[in-house]
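Here are my notes on the model, set out as numbered points to be read beside the sequence and the coordinates.

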Amino acid sequence: MMQMRWWMALCLWLIPAWNAGADALEPLRTAPVQMNGMVRCLEAFARETVETVTGDVENEEKDALRLVLEWMARPESRSQEAWIKTSHPALGRLFQGKRVSLKDFRDPEKAETLQKLIRHEPQLLRPLHEMEKRARLLEDLPEKLALFPPRKKSLVGSSAWQGPANLLKRQESDSLSPQEAEALKRWEALMAAIRWDKEEALADAAAALAEFSREMAEQEKIEPGRLKADLWFTRNQPFWISALFCLAASLAYLAAALWGSRKPAWLGLALLLIAFGWQITGLYFRGFIGQQAPLGNLYESVLAALSVALIAAALLEIRWRFPWLGWGAGLMGFVLLVITHNSPFFDNDIRPFVPALQSSWLTFHVAAIMASYGAFLLSFFVSLLYLAKEALGGDHSHFRLVRQMPSLAYLDFFNYKILILGFPLLTLGIVFGAVWAATAWGRPWGWDPKETWSAITWLVYAVWLHARLMVGWKGRRTAWLSIAGFLCVLFTWFGVNLFLQGLHSYV
Amino acid sequence: MVTLIRFLVEIIVIFLLVAASLFFSSRLFQMTQPFYRWFGRPRVGIFLMLLLVFASVAGSFISPVEQAQDLVFYNVWYKALLALVGLSLVCTILDSLRLRRKMCSPAALEKNPQFYEHKAVRADHEARTVRATRLFGGEINTLLQAFEKLGYQCVSQGPFGFARKGEWGKWGAIFCHAGLVIILLAGFVTEWTKDEAVLQLVEGDGTNQLVRWENNMPELETANFRVYCDDFDTGFFPHTRIPSHYISRLTLVAEDKPPQPVQVEVNRTVQFAGWTFHQTDFLEGQRLRNAFPEHPLARFRLALYHQSEPDNPLLLEMSLGQERWLHAGESPELTGVEGGSPKVRAKLQGARLKLDRQAPYGWKLVGKEGLLAQGKMMQREAPQGKWSLQVEGHVTPYGTLITLTRNPALVGVWLGTGLVLIGLALAFFVRRRSFWFWLDQDQQCLHLVARFRQPRPALDGETTTALDSLCQPYEQQPTEEKEEEV
């Protein structure tokens, strides 16, 4: 807990929590709710639900939690107003708007027209499926809002929490425990306050339900600090802050490189370190909220590799006074963070691990591999810089900017320095993976596509090292080889998941 | 018997390898020098590695993995390629040992004072050498003393000097290559020594039949132990379809040994009778019915009551015909049984429960029998008082799939990987450098050749500082004289 407070204090010091307004629903935001198989705060649930249904986190100046509660309190609003985002322009034309109401979406006449439309344009099936998911989430919200823990654990160990709709059904059959009856009473009071639109009554009802939730959380042995951390994480989005600091750092480093001055470089270094700090904070919070290592999927792996790239760039910049490296790391950090948060290829929800990932080897294996990928990312950037400088005239170029870059010999040397950090880390990661595979599958190596491609990557970098150290390759050839190595890294990292099937499909 | 034969084969192979390597290093060393020097050339190694890369890329695009293994990874041509890589690695080790012994020692300097101009050294280490000439009018010993302070080992002869440190880092490449050779050898030995079998069981069933896959055909083998699957537990995280756990609760029974209840999970293996048990898969629904077409597949949720606590039953699941040990070895904790107070749970220490498969269905708790009927309470006299059993309902049965492995060569793989990691640490993180000096007293010049672990564009900071402090008085002299002249 002390460690947790320290982190929170540091984060609040670095940046104000600008959207932590004190409103009537504030106490309820940290109420525990079961979501995606784990316990999260109600604010996280509300944001994800609103974002999934409408495509935006905030809607019509109402915050997500208020909107979700209004959907619950006013079923007619949920059904008749246009909330569901249309996923395709053709569907938008059919439903006459960017959003469609649940009633319209379920209209039998429209369904017939939709069927005809899909017969002509089968590519609409996928966006329609997405809309169906949104509509179902909106319809099932009273069951999905799993605020109440089960009264008794059954033999099979199901610990699914219940939504208000489940409690109402059981109230009809008179099977509610006194605790559940009390929970339902407080929930009804909250709904009534929303329906009447009375802010004072809403504040009282929210406080009463929040207090009840706190007691339930204690009974379920959920740390209150975890829920607070979740609220802080959901509100502040540390990775977006990190992206902004990355961009600022790259601009400062660019200024340093253009003017040949150290002052902007020091500013860039500070910004890069802050970006790294936010990155690590975000990862720590993801791990703390999910109670598991934040290395379980592609999204988290990119974040981990990026953290390593940022800190490695900062350290090398301190050691070698190389602002271009800081510029590259900052720029790549910004671009990667924007891509990972906007591409559907990266799932940024916190989800529990499947049994195969529930091993302490995961942390060692993925951390070592991602650290090596971070180093290779930097090496790739230095190689590009080398080739660019050489193409623009090298050390005696006509361009001042190019002359201000480190000499070709030094760029080559930096590349080597970065690779001798990345290569042993990759080896270590592969060894940890082999130990894990021996435990989980009974063999250390099985030529699964991910394993094969990690071996290919290792071999390409081994060729690089041998060519450089033993044959005496330098400059352009090693730069191209380094780029080839990074292309192998990219294929191992993303390509295998996209194009090949194997045992590592969940990573 | 088979294990013994395999063990003997393994010993013989290792012995042959050791003998061959000794023979190779002593008698054939000189004779085969041209061969291993050629095969140990970095360019040959790089060529072989690139071949391996292209072959592996091709193999990775063949689907499914089993076909890729047949056509590429476990095929003779790929193994031959791996063997060639291994041979190249061995030659590299021999070559580097020879080169170190011949050239990179202080003794070599005594034999050949102009050592740093040696053609072989230059050819081999050109990429990593940095040359410098500084003005220096002092003695060679002054120079060497300065380097000794920096932790160098120094020797001198006349105007020539030699200094080096971090020499044990040279073992890095050797360790790394030797580790890879051991991994490859262990991989080949695995082909002969690895043993893998599959155990397929429905909850409540027991078997001593292991299934081996030989040439894609299943072969049954009788094991010298029996495995009972008391319970298979799986579940999903709430409100999701994400599986949360797969747990097989087994009882392992070997001759002349007490039954051993164990729990096998994904990532949590169990060792028994020389085998390692891995939870690799499970069967449900149609897959289960296809695998066990004649099995009744009836599984009940049971409540076991003790007369002293009629309101607090012990809850468990069992199949028809199942006999299970309720305790976990010598531990008083019951396995796969929920509920009941610790006092009542303790009363079941050492107890076994059995449900008859044939009608009229009955149950036994340590020797007492009775009929089994849904919803009907049945009381039985048993040790520690009267017990009652009630069927609470049916549950969907599961089948468990356990993979059994034994691989003595795995030790070799871990040994090899350890050596590779040590080698990489030594090769990349030990500061290793050698300097050759030649003092030209006529010109008051110090010629220096430095060899670093890696190619560098200039001398390192530590050496530059040391040389600056030594050479600056001489280098500044002409400037001072000029100033005086002015």
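1. Chain B has 486 residues, of which 48% count as buried, and since this is a predicted model, that share, like every value below, is a computed one. The accessible surface of chain B comes to about 25000 Å², and carbon and sulfur atoms account for 57% of that surface. In secondary structure, chain B comes to 14 helices and 23 strands. Where contacts in chain B link residues at least 6 apart in sequence, 59% of these contacts join residues at least 24 apart.

2. One pair in chain B illustrates a link across the sequence: the side chains of B:Lys165 and B:Glu462 meet in a salt bridge, with 3.2 Å from N to O. Because B:Lys165 lies in strand β3 (residues 160-165) of chain B and B:Glu462 in helix α14 (residues 461-485) of chain B, the pair ties together parts that are 297 residues apart in sequence. The two partners are covered as follows: B:Lys165 is buried, with a relative accessible area of 15%, whereas B:Glu462 is partly exposed, with a relative accessible area of 27%.

3. Salt bridges that share partners also build a network in chain A, where A:Glu26, A:Arg29, A:Glu43, A:Arg47, A:Asp63 and A:Arg235 are joined into one network. Over all chains, a search of the whole structure finds 37 salt bridges. Within the network, A:Arg29 forms a salt bridge with A:Glu43, and the closest N and O atoms of this pair are 2.5 Å apart. A:Arg29 lies in the loop between α1 (2-14) and β1 (32-35) of chain A, while A:Glu43 lies in helix α2 (residues 42-54) of chain A, so this pair ties together parts that are 14 residues apart in sequence.

4. A:Arg29 has a further partner in A:Asp63, with which it forms a salt bridge whose closest N and O atoms are 2.5 Å apart. This second pair links distant parts of the chain, 34 residues apart, since A:Asp63 lies in the loop between α2 and α3 (64-73) of chain A and A:Arg29 in the loop between α1 and β1 of chain A. How far are these charged residues covered? A:Arg29 is buried, with a relative accessible area of 3%, and A:Glu43 is buried as well, with a relative accessible area of 2%. A:Asp63, with a relative accessible area of 17%, counts as buried because the cut-off for that class is under 20%.

5. Turning to the interface, how many residues of chain A are in contact with chain B, and how many of chain B with chain A? The contact involves 64 residues of chain A and 57 residues of chain B. The area buried between chain A and chain B is about 5200 Å², and carbon and sulfur atoms give 73% of this area. Across this interface the rule finds zero salt bridges, while the count of residue pairs in polar contact between chain A and chain B is ten, with both residues at pLDDT 80 or more. On the side of chain A that touches chain B, α20 (408-440) and α21 (449-471) of chain A each supply at least two residues, and the largest share, 17 residues, comes from α20(A). By class, that side of chain A has 44 nonpolar, 15 polar and five charged residues.

6. A:Thr457 deserves a look of its own, and this residue lies in helix α21 of chain A. At 1% relative accessibility, A:Thr457 counts as buried. The side chain of A:Thr457 reaches the backbone oxygen of A:Trp453 at 2.8 Å. Setting aside residues up to four places away in sequence, A:Thr457 touches A:Leu426, A:Gly485, A:Cys488, A:Val489 and A:Thr492.

7. A:Ser213 is the last residue on my list, and this serine is found in helix α12 (residues 199-219) of chain A. Is A:Ser213 buried or exposed? With a relative accessibility of 2%, A:Ser213 counts as buried. Apart from its neighbours within four places in sequence, A:Ser213 is in contact with A:Ala31 and A:Pro32. From C-alpha to C-alpha, A:Ser213 and A:Phe148 are 8.1 Å apart in space, and the two are 65 residues apart in sequence.

How values were computed:
Residues numbered from 1 in each chain as written. Chains lettered and ligands numbered in written order. Predicted model: local features only at pLDDT ≥ 70, side-chain atom pairs only at ≥ 80, totals over all residues. Heavy atoms only, no water. Contact = heavy atoms within 4.5 Å. Buried area = accessible area lost by both parts, 1.4 Å probe. Salt bridge = Lys/Arg side-chain N within 4 Å of Asp/Glu carboxyl O. Polar contact = N/O pair within 3.5 Å; in protein donor to acceptor, adjacent residues only side chain to side chain. Helix = DSSP H or I, 4+ residues; strand = E, 2+ residues; numbered from the N terminus. Nonpolar A, V, L, I, M, F, W, Y, C, P; charged D, E, K, R; others polar. Buried < 20%, exposed > 50% of the residue type's maximum accessible area, 1.4 Å probe, protein only. Areas by Shrake-Rupley, 256 points an atom, 1.4 Å probe, with all protein chains shown as cover.
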